[in-house]
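Okay, thanks for squeezing me in. Let me put the structure up and then talk you through a few bits of it.

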Amino acid sequence: MAEHSLRIGVLAGEASGDILGSRLLAALRKRYPELRIEGIGGPLMQAQGLDSLFPMERLSVMGFVEPLQRLPELLRIRRSVYRHFLANPPDIFIGIDSPDFCLRLEWQLRRAGIATAHLVSPSVWAWRRGRIRKIARAVDRMLCLFPFETGIYRQHAIAADFVGHPLADEIPLQIDRAAARAALGLPATGRLLALLPGSRGGEVGLLAPLFLAAALRLSRADPELRLVLPAASTERLVQLQALLPAYSELPLTLVEGRSREVMMAADAVLLASGTATLEALLVQCPMAVAYRMSPLSWALVSRLVKTPFAALPNILAGRALVPELIQQAATVEALVAAVQPLLYNSHVTREQQQAFASIHQALALGFGERCADAVAAVLENRSHEHAV
C-alpha cells in the first residue's frame, strides 16, 4: 500500500476519546502526509483532518438511563456509520474507548473484511470477562493504556500492545510545587491537604461530607494545616458551596477546576477512586483513596468485580501502595488515620512518591508514536495476508 493513499475510519464518542484520537491521528499524519480520515470525533480530531460524519456530542451519554432513552438515535448513527464504511471501505477502522458502541461496529466491519483496532481496553481484567470473546471477533489488535491489560488478551490469542498513557508524556517527572502554589495564590509554606470528592453529583453527595468531616478533625489536631478543594465543574462548585457553611471553621480554599494544579501544590490528597488517581500519581502527590456508592450499586458491583484493588495506583503497582477505603470502610475515623501519615510521616510519603515515579516512567512511552506503530502493524499484517 502506498503511504500517500492511506484512508482510515475512526470513531470517538466523548471528549477523552477525542484527546486520545487527536494524538493518534497526529502521529499517523507524520507517517502518511496524505492521510484521509472519516468517522466521528470532536474538535481536536477534526483539527487533525477528520471529516466527522455526525457531531460527537450525539454519542456522549452517561449512566444507565440516558443511553436507554437515546438508544434509537445511537443505533441509527451506528447503522449509518456501518453503511458508510461498507460502501467506502477504509484501510483500517479504529474505535476509541466507548466499547458498548464501538465493538459491535468493529465486529460488523471486520466481518466485511475491514481491518480493525480498538484504543483503550475495556476493563475485562476487572469485570464482565465474557466480553473477551466478543473482542476476539471484533478487533485485529487492542491498544492498551496500561501494561497489566495485555496479559488477558494474549491468553486468548488476541494481538495487544501496551502503548502507554498520554498524560504520562504530558506531565513532567519533576514537579514544581512552589510554582503550583503561587499560581493558585496559596501559601508558599505550611502543610496543604487537597480534597477531591469526585466529579459527579452522586459521588460528591456521598463523599464530600465524609471528606470535610475528616478534614475538620485533621485541622483541629493541626491548626496550621490548610485545605484546598477543587470543584470539577460549575455544578459541583454550587453543590460544594451549599455544604461549606457547616464547616466554616476550616481554613479551606475552594476553586473551580484546576484539580491537577491543586494536586501539584498539595502535600497530600484525599480523593475519590477514579481517573483523578492517575493524575495524582503522575504529579507524585501522596494519596489516600476512598469511594462510596448506593447500597444497591455496591451490591451489584461487588459481585461483578474480580480484582483485589479498586484504586488504579494499587492496580498498577500490583500491591497495596496507597490506602483505599471503599464503601463501609470509608469512615471519618479511617480517612483521618489514612491521611495523617501522608502529612506527617516522610517515610510513608517517600515510599509512595518513589513508586509513583517508577510507574510514571513506565507509562511515558510516546503514546502517539506507539499507537501509530500498532496501527502500522495491523496494516502490514493485512497487506501480507493479501499478498499471500
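I'll start with a sheet and the helix across it, then move on to the aromatic rings.

One thing up front: this is a predicted model.

So, the sheet. It's an open one with six strands, and the order is E10-E9-E8-E11-E12-E13, with parallel pairing. Who sits at the edges? That's E10, residues 252-256, and E13, residues 324-326. Each of those has a single partner strand, so one side is left without a neighbour in the sheet. Going from one strand to the next, the twist averages 15°.

Now look at E8 and E11. E8 covers residues 192-196, E11 covers 268-272, and four bridges join the two as they run parallel. If you want a spot to click on, Leu196 is opposite Leu271 in E11.

Then there's helix H16, residues 332-344. H16 lies across E8, E11, E12 and E13, and its angle to E12, which is 287-291, is about 165°.

Okay, rings. How many aromatic pairs does a search of the whole structure find? Two. One of them is Phe146 with Phe148, and that pair is stacked: 5.9 Å centre to centre, with 5° between the planes. As for how accessible they are, Phe146 is buried, because its relative accessible area of 10% is under the 20% cut-off. Phe148 comes in at 26%, so we call that residue partly exposed.

Last bit, charges over rings. Arg78 lies over the face of Phe101, 5.6 Å from the ring centre. Arg111 does the equivalent with Trp107, lying over the ring face at 4.3 Å from the centre.

That's my tour, happy to rotate things around.

Notes
Residues numbered from 1 in each chain as written. Predicted model: local features only at pLDDT ≥ 70, side-chain atom pairs only at ≥ 80, totals over all residues. Heavy atoms only, no water. Pairing = 2+ DSSP bridges. Axes fitted to C-alpha atoms, helices over the stretch in contact; angles between N-to-C directions. Contact = heavy atoms within 4.5 Å. Phe/Tyr/Trp six-rings, centres within 6.5 Å; stacked < 30°, edge-to-face > 60°. Buried < 20%, exposed > 50% of the residue type's maximum accessible area, 1.4 Å probe, protein only. Lys NZ or Arg CZ within 6 Å of the ring centre and 35° of its normal.
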